[in-house]
Amino acid sequence: MLIWRAMNDMLPTNDWLYQHRLCLDAACPWGCNQAESAIHVFGNCTFMTRIRAEIERMNIHFNPNSNNLQDLLLDKMTISMRSAK
Ligand SMILES: [Zn+2]
């Protein structure tokens, strides 16, 4: 669902909110000096690049059916709890 939203320009990024007159600043909140668009978040955002690298280091792989990061992490926690038994 997250990927579908990104591909259909339906993620509520600051750039999307700005274009729909729902916020006053399209900038990335992580200080990249670029508009926070879906392309920026999944492409060249320095903060998100560091987050993705850390997630990969933790051996967490994205489930394309996850709706958001919370669902993804809950799936990982459930798997970890099952394997600890
Ligand atoms: Zn950024």
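**Exercise 1. Find the mean pLDDT of the protein, and where confidence is lowest and highest.**

Solution. The mean pLDDT (the predictor's confidence in each residue, from 0 to 100) of the protein is 82, and 72% of its residues reach 70 or more. This is a predicted model, so local features need pLDDT of at least 70 and side-chain atom pairs count only at pLDDT 80 or more, while totals for chains, interfaces and linings use all residues. Residues are numbered from 1 along each chain as its sequence is written. Next, go element by element: helix α5 (residues 69-84) has the lowest confidence, at a mean of 61, and helix α2 (residues 14-19) the highest, at 96.

**Exercise 2. Describe the secondary structure and the burial of the protein.**

Solution. Start with the DSSP runs: helices are H or I runs of at least four residues, strands are E runs of at least two, and both are numbered from the N terminus. On that basis the protein has five helices and zero strands, giving the pattern α-α-α-α-α along the sequence. Then turn to burial. A residue is buried if 20 or more other C-beta atoms, placed from the backbone, lie within 10 Å of its own, exposed if 12 or fewer, and partly exposed in between. Buried residues account for 9% of the 85 residues.

**Exercise 3. Check the span of helix α4 (residues 46-57), then look at its cover and at what follows.**

Solution. The expected span is 1.5 Å times one less than the number of residues. For the twelve residues of α4 this gives 16 Å, and the end C-alpha atoms are 17 Å apart, which agrees. As for cover, zero of the twelve residues of α4 are buried. Just after α4, N59 takes a positive phi of about 60°.

**Exercise 4. Place C32, R21 and N33, and compare their surroundings.**

Solution. Begin with C32, in the loop between α2 and α3 (38-42). C32 is partly exposed because 17 other C-beta atoms lie within 10 Å. C32 touches C45 and T46, not counting residues up to four places away in sequence; contact here means C-beta atoms within 7 Å. T46 is 14 residues from C32 in sequence, with 6.9 Å between their C-alpha atoms.

Now take R21, which is also in the loop between α2 and α3. R21 counts as exposed because it has 7 C-beta neighbours inside 10 Å, and its phi is near 55°, a positive value.

Finish with N33, again in the loop between α2 and α3. N33 is exposed, with 7 other C-beta atoms within 10 Å, and its phi is positive, near 60°. Most residues other than glycine have a negative phi.

Methods
Two residues are in contact if their C-beta atoms, placed from the backbone, lie within 7 Å.
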